[in-house]
Amino acid sequence: MAERAFQPHPRRQPVWIIRHRRLIRKVALGVMAGMLVQSAAAQEALPLKLAVVLGGSVTWDANVFRLPGSVDPLTAVGKPNKDDRISVTYVGLRIDKSFAQQRFQLDVTQTATRFNSFTFLDFDALDYRGAWLWRLTPRLSGTLSTEHRQALVPFADFRGFQRNVSNTDRRSFSLDGWLAGGWHLLLGVFDTETKYTQVFLPQTSSRSNGAEVGLRYLAASGSSVTATRRSSKGTTLNQPLDPVNLIDDGFRIQESELQSTWLVSGKSALNGRLAWVQRSHEHFAQRDFSGMAGNLDYTWTPTAKLRLAASARREIGAWWDLTSSYTVSDTLSFTPIWQASTKTALRMRLDCTQRDYRGPVIANPGPLRDETVCSAGLGADWAPLRYVTFSANLQRDRRSSNYSAFDFQDTIAVVSASLMF
């Protein structure tokens, strides 16, 4: 089953997408290779910034599978315990090279995750991002990038009690044309693909590609406002049309977005985003939805040592089961950071999310699912040397749902260290 999850969708992939993706990959690989080649004019370039990063962490997770207190872990996962110690080690390479008006970046990290008790969850991840920040003239610039991310799918919603790894690839090209004064024309195309090694019906593997056009006004103070129109078309992977559960194999997303950055003063900034999102499906209109999304973030630095950040965020996204077609999540968070000394920082994070499951496709005799997830965390960072950092974090999570099977409580403690040279 895991191997089939990585097979391409033979029926839904148009020829032009294949050609487009091959072109982007060839250009991106050429750019990355060029970053490692010294040209005859290298003496005119800015110095090469190269760093190797080594690090690791140990995590104590009291409830790995996010089980409710009423569930016996021996019955659910075959072991008497639901806690585990998780060890993570990683090595990374970072390159940042500027030449004339061009800038090239590469960030590659190999990570090994090992569980002490639930060893079947062990996995290795390779993450990378390559970008060419190009500039043709003072008025014309943009970015060509490719990115790959791997992660273990958390068990808050995925209750398969087996390893499920997500693989996400994103390729994009953007153009920023300076028109006049503070006005900029923005254009972009992108291609995104997410695959899961295990079937998880509410969030299936998918591939999408699209384009966006925007207009930005950038003030001399650094404040800005941007209006963007974004459109994409997607297909599900290894999930055929399902008329029983009304699971579609194709969808479209239209998004109209207004984004703003306001530098209120030298010590505070306000960032906002407001978007109207519409998702439609090719065969089952019952799954269509639309709604508002956005965020409002305020950062205040009253002193050189204290930074306070508060945010409010709304997210809307697809969720495929018979009792819901999408979710709406509202989150409030507060994050103070105190730089106690040049080498030590203390931080705290409080956030709470209310998530509603909407758009049922069958008559539901009971209430629709809704839940509240709250998290509180304390952390400290210590950098005894310029390139050495030690961190510790303690976090407490709790989810309360009107469906008791999704309740859980969890405590997570993490200690980590990193070295850059």
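**Exercise 1. Asp157 and Arg369**

Task: In this predicted model, find how the side chains of Asp157 and Arg369 meet, and work out whether each residue is buried or exposed.

Solution:
- Step 1. Start with the side chains: Asp157 and Arg369 meet in a salt bridge, with 3.2 Å from N to O.
- Step 2. Now place the two residues along the chain. Asp157 sits in the loop between S5 and S6, while Arg369 sits in the loop between strand S15 (344-358) and strand S16 (370-385). The pair is 212 residues apart and links distant parts of the chain.
- Step 3. Check the accessibility against the cut-off: buried means under 20% relative accessible area. Asp157 has 18%, so Asp157 counts as buried. Arg369 has 8%, so Arg369 counts as buried too.
- Step 4. Look around the pair. Asp157 and Arg369 belong to a network of salt bridges that also links Arg355, Glu371 and Arg399.

**Exercise 2. Two further salt bridges**

Task: A search of the whole structure gives 25 salt bridges. Describe the one that Asp410 forms and the one that Asp356 forms.

Solution:
- Step 1. The partner of Asp410 is Arg66, and their closest N and O atoms are 2.9 Å apart.
- Step 2. Asp410 lies in strand S18 (residues 408-420) and Arg66 in the loop between strand S1 (49-61) and helix H2 (73-77), so this pair ties together parts that are 344 residues apart in sequence.
- Step 3. Asp410 and Arg66 are both buried.
- Step 4. Asp356 pairs with Arg358, and here the closest N and O atoms are 3.5 Å apart.
- Step 5. With 21% relative accessibility, Asp356 counts as partly exposed. Arg358 is partly exposed as well, with a relative accessible area of 30%.

**Exercise 3. The disulfide**

Task: Which cysteines form a disulfide, and where in the chain do they lie?

Solution:
- Step 1. The structure holds 1 disulfide.
- Step 2. Its partners are Cys352 and Cys374, whose sulfur atoms are 2.1 Å apart.
- Step 3. Cys352 is in strand S15 and Cys374 in strand S16, 22 residues apart.
- Step 4. Cys352 is partly exposed, with a relative accessible area of 30%. Cys374 also counts as partly exposed, at 30% relative accessibility.

**Exercise 4. Positive phi in two loops**

Task: Look at Phe161 and Leu246. What is the phi of each, and is each residue buried or exposed?

Solution:
- Step 1. Recall the background: most residues other than glycine have a negative phi.
- Step 2. Phe161 has a phi near 55°, a positive value. Phe161 is found in the loop between strand S5 (140-152) and strand S6 (165-180).
- Step 3. The phi of Leu246 is also positive, near 55°. Leu246 has its place in the loop between strand S9 (224-236) and strand S10 (250-265).
- Step 4. Now the accessibility. Phe161 has 25%, so Phe161 counts as partly exposed. Leu246 has 12%, so Leu246 counts as buried.

**Exercise 5. The nonpolar cores**

Task: Which members of the largest nonpolar core touch the most other members, and what is Phe158 in contact with beyond its sequence neighbours?

Solution:
- Step 1. The largest nonpolar core has 16 residues. Those touching the most other members are Val64, Phe65, Phe115, Phe118, Leu121, Phe155 and Phe158.
- Step 2. Set aside the neighbours of Phe158 within four places in sequence. Phe158 is then in contact with Val153, Asn164, Gln198, Val199 and Phe200.
- Step 3. There is also a second, separate core of 6 residues, including Val277, Phe289, Tyr326 and Val328.

Definitions and conventions
Residues numbered from 1 in each chain as written. Predicted model: local features only at pLDDT ≥ 70, side-chain atom pairs only at ≥ 80, totals over all residues. Heavy atoms only, no water. Core = buried A, V, L, I, M, F, W, Y, C linked by side-chain atoms within 4.5 Å. Buried < 20%, exposed > 50% of the residue type's maximum accessible area, 1.4 Å probe, protein only. Contact = heavy atoms within 4.5 Å. Helix = DSSP H or I, 4+ residues; strand = E, 2+ residues; numbered from the N terminus. Salt bridge = Lys/Arg side-chain N within 4 Å of Asp/Glu carboxyl O. Disulfide = S-S within 2.5 Å.
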